[in-house]
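Biologist: I should be grateful for a close look at one part of this predicted model. Please describe how its helices and strands are set against one another, in terms that a first-year student can follow.

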Amino acid sequence: MQPSIEKIFRFFKLELERGCDNRAVVGGLEKILPVWEAQARLEHLPEGAIKLLHARLAEYGEASDKREVLLINTWQELANETCLSETEKNALSAVKSSTIARSIPPENEKKDVRKVVGARRTTPIHPPVPASQSVRLGLSAPLTVIQGIGSRHAETLARLGLSSLEDLLFYFPRRYDDYSQLKPISRLFFNEEVTIIGTIKSVSNRTLRNARFNLVEAIIGDGSGDLRLTWFNQVWIANRLKPGKQIVVSGRVEQYLGRLVINNPEWEPLEQEQLHTNRIVPVYPLTATVTQRWLRRIMYQTISYWSPKVEDFLPPAIKQNNQLPDLSLALQEVHFPSSQEHLQQARRRLAFDEIFLLQLGVLKQKQSWQEMTGKIFTVDEAWMQEQTTRLPYELTSAQKKVLVDFRSDLASGSPMNRLLQGDVGSGKTIVAALTAAIVISAGSQAAFMAPTGILAEQHHRNLRQLLADSDKGSPVLQANQVCLLVGSTPLSERKDILERLASGDIKLVVGTHTLLEEPVKFNDLQFVVIDEQHRFGVEQRAILRTKGTNPHLLVMTATPIPRSLALTIYGDLDLSVMDEFPAGRQVIDTFIFFPREREIGYDRIRRQLDQGYQAFIIYPLVEQGENDEVKAAVEEHTRLSKEVFTNYRLGLLHGRMKSEVKDKVMSDFRDGNLDILVSTSVVEVGVDIPNATVILIEGANRFGLSQLHQFRGRVGRGRAKSSCFLIPESENSADNLRLQAMVETNDGFILAEKDLDQRGPGDFLGTRQSGFSDLRMASLTDVRMIEMARRAAQALYAEDPNLTRPENQYLANTMDHFWGNGKGDIS
């Protein structure tokens with residue numbers, strides 16, 4: 001019997017034993033045809049037999065029932081077409097009969113025994129459980145139920161975050177090697193990734209370089225030509241490859257001494273199901289002692305058995321409207337794709353799932369906030385006009401629009417839950433102050449929370465000028481009704497502040513994390529402003545809210561949020577954008593200097609210092625720990641003081657300093673007692689130093705564009721022309737091309753979009769819900785996918801907000817699983 005016929009009959013046998021589920025070959029029996037046909041033609045099999053198998057297997061894949069009859073008939077027809085001898089036909093008939101008998105379970109077979117793929121034992125289930133619950137229980141089983149995974153392997157896989165069968169299902173490949181294109185050896189070209197089928201002609205094994213390296217070399221032929229294959233330090237391969245053996249080989253074609261060669265190719269015997277060759281091969285993230293071939297086999301074993309049993313939580317209408325495949329099929333295709341088209345469809349489905357579940361979660365959070373009752377605050381236009389005339393400049397159109405949003409929220413009867421994003425210097429604090437004035441004018445209290453003492457002090461000073469300055473008409477507050485509460489506040493003063501907050505005498509408090517402490521109690525807190533919101537966690541915001549009765553909440557950020565993130569991460573918040581600068585705001589000139597041009601930057605700093613201005617010099621995180629960042633800043637501060645700026649006063653600021661020391665340094669710099677501030681990235685947050693006109697950023701390539709833009713915003717706050725100098729670590733063209741965006745634009749929104757594309761969402765997440773950075777398949781840069789999933793989530797939420805309908809029960813369970821313990825971020 002010819003090898004190709006023997007091979008296809010073995011697959012028929014396996015398919016019958018599996019109950020004709022069309023999974024003896026990944027993607028269905030039809031997927032074996034390209035490899036099989038190539039071998040069949042090499043063996044000069046009758047054309048009629050080849051066409052017969054093509055037609056029958058296509059019909060088999062589309063059949064929903066009677067597959068067993070169709071397969072048996074195909075088996076018989078193929079045997080007739082290939083003119084087997086009587087002895088071969090009799091032997092084949094016996095195999096076929098015994099296989100069919102084994103594939104039919106006895107009538108009295110018990111139904112309460114469950115087999116896990118590769119399990120070492122069968123476990124009776126008492127009492128019987130519903131199929132869906134059985135699947136969930138099975139997927140939660142430890143990896144040791146899989147044959148070949150003992151406790152040692154389980155510990156190794158745990159380092160990859162894999163501890164259960166479900167973890168394996170959702171452990172997606174990091175990339176794919178496409179070895180699906182079969183080519184004859186005579187048509188190979190340099191640098192192609194190809195798959196070839198051939199016969200081993202010779203194998204040799206020799207030692208190189210003083211016995212330090214071993215080389216296995218094989219020559220393979222397919223009738224059109226020969227090809228050299230080599231493996232380094234894999235002696236066992238020489239024992240597996242024997243002359244005359246037919247194998248499938250996949251890899252990249254290279255050249256050595258003018259001849260084509262494939263070094264270290266993947267290979268498999270022709271007669272077995274191909275997992276590593278002749279297909280689109282998944283490549284998984286690995287850890288020490290785990291190989292691709294071993295993990296790929298484990299994954300195939302698990303995916304083949306469990307993915308068809310996974311329940312699909314998406315309602316059928318959503319799948320149909322968005323042209324999404326079933327979840328079980330998506331899992332099969334994302335791990336072992338049958339084609340590039342099917343792979344893309346699978347990735348699209350799994351990405352949709354993640355964004356869809358995110359959208360449902362933020363919609364639920366938004367509804368939870370909207371269902372609360374908030375105190376109503378309104379003022380007439382005459383009062384608002386009086387307050388705006390007290391301001392140092394006329395409001396921009398963007399500020400006026402945002403103020404309308406805020407007033408609408410205060411008058412709605414539901415608590416404000418809004419994110420205000422505005423570029424550095426766009427005037428966010430003034431709009432927040434006017435909103436606080438509306439609340440305070442009704443006798444209630446407001447609180448501003450900033451991430452650092454120096455920034456809180458800056459807000460306190462500005463708010464007193466805006467709201468309590470009697471030189472500019474009737475103020476909303478008296479000066480003693482605005483207080484500052486930070487870690488360094490003296491004990492006696494702190495005690496007085498706490499008493500007056502509790503009595504309601506103080507109407508506006510500005511502070512840091514100190515505001516979260518237990519002794520801080522308010523009389524009637526109704527408005528909370530959190531500045532640089534990404535510096536505060538969910539729990540911290542929640543604590544501050546509990547100090548009032550459903551207070552109105554405004555969170556502010558100077559980091560522009562790209563549209564795709566605004567629809568997902570911040571989808572539970574109403575969004576206001578300030579994209580216009582007050583009149584007179586300086587445009588900062590930005591320059592890139594190579595390391596060898598550093599002295600040019602130093603010289604320009606000296607010129608500014610000699611004119612009475614000040615400068616920042618920023619150093620990045622050098623290694624992996626903060627100590628290294630501090631070390632760089634400390635060492636450079638010393639070098640700059642002794643060698644570069646010997647006639648100037650230099651200060652040092654880094655994250656390891658105590659808060660009161662950092663505040664003292666910043667105060668000295670603000671008050672003009674220092675000429676240059678050498679700092680790590682702690683200076684990013686919006687401290688206002690109007691006299692600073694130049695900032696030099698070392699290792700600029702280590703920062704994201706949005707963070708560089710924040711640094712740049714530390715200067716240009718006065719009337720003098722300001723500059724920003726970027727010095728990358730090398731003249732690498734890719735880094736400098738990215739930094740060129742800083743030279744071309746001062747628009748933080750454009751830079752934020754570029755940053756998201758280049759670096760992902762990490763820089764924008766801060767301490768927001770951590771699950772957003774754990775997405776496995778979805779991209780937070782894919783606005784089209786996000787909007788599609790958002791529409792689907794909104795439509796479903798409008799019909800069944802609590803997911804109580806029977807058809808949505810499994811979706812509700814999936815939501816709980818996806819969001820963990822239900823922790824959200826209602827802010």
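Modeller: Helix H15 passes helix H16 in a right-handed crossing. H15 covers residues 397–410 and H16 covers residues 428–441; their axes come within 10 Å and cross at roughly 30°. Angles under 35 degrees count as roughly parallel, and therefore H15 is described as roughly parallel to H16.

The side of H15 that takes part in this contact is formed by Gln399, Val402, Leu403, Phe406, Arg407 and Leu410. They meet Ile430, Val431, Leu434, Thr435, Ile438 and Val439 of H16. Sorted by class, the contact between H15 and H16 contains nine nonpolar, two polar and one charged residues.

From these helices we may turn to strand S15, which spans residues 525–530. This strand is mostly covered, since six of its six residues are buried. S15 has a parallel partner in strand S12 (residues 445–449), to which five bridges join it. Within that pairing, Gln445 stands opposite Leu525 of S15. Strand S16 (residues 552–557) also pairs with S15 in the parallel sense, here over four bridges. One position to find in the picture is Val528, whose bridge partner in S16 is Leu553. When looking at such strands, it helps to remember that in a regular strand the side chains alternate between the two faces of the sheet.

Another region to examine is an open sheet of six strands. Its strands follow the order S18-S23-S22-S19-S21-S20, and their pairing is parallel. Strand S18 (589–592) and strand S20 (650–653) are the edge strands, each of which pairs on one side only. From one strand to the next, the twist averages 15°.

Inside this sheet, strand S19 (residues 614–618) and strand S21 (residues 676–679) run parallel and are joined by four bridges. Ile618 stands opposite Ser679 in S21.

The sheet also has a helix lying across several of its strands: helix H24, residues 705–712. The strands that H24 lies across are S18, S19, strand S22 (692–698) and strand S23 (723–727). H24 runs at about 150° to S22. Angles over 145 degrees count as roughly antiparallel, so the direction of H24 is roughly antiparallel to that of S22.

Conventions: Residues are numbered from 1 along each chain as its sequence is written. This is a predicted model: local features need pLDDT of at least 70, side-chain atom pairs count only at pLDDT 80 or more; totals for chains, interfaces and linings use all residues. Side-chain values use heavy atoms; hydrogens and water are left out. Two strands pair if DSSP finds at least two bridges between them. Helices (H or I, at least four residues) and strands (E, at least two) are DSSP runs, numbered from the N terminus. Axes are lines fitted to C-alpha atoms, for helices over the stretch in contact, and angles run from 0 to 180 degrees between N-to-C directions. Contact means heavy atoms within 4.5 Å. Angles under 35 degrees count as roughly parallel, over 145 as roughly antiparallel, 65 to 115 as roughly perpendicular and the rest as oblique. A crossing is left-handed if the near helix is turned anticlockwise from the far one by less than a right angle, and right-handed if clockwise. Ala, Val, Leu, Ile, Met, Phe, Trp, Tyr, Cys and Pro count as nonpolar, Asp, Glu, Lys and Arg as charged, and the others, Gly among them, as polar. Buried means under 20% relative accessible area, exposed over 50%, partly exposed in between (1.4 Å probe, protein chains only).
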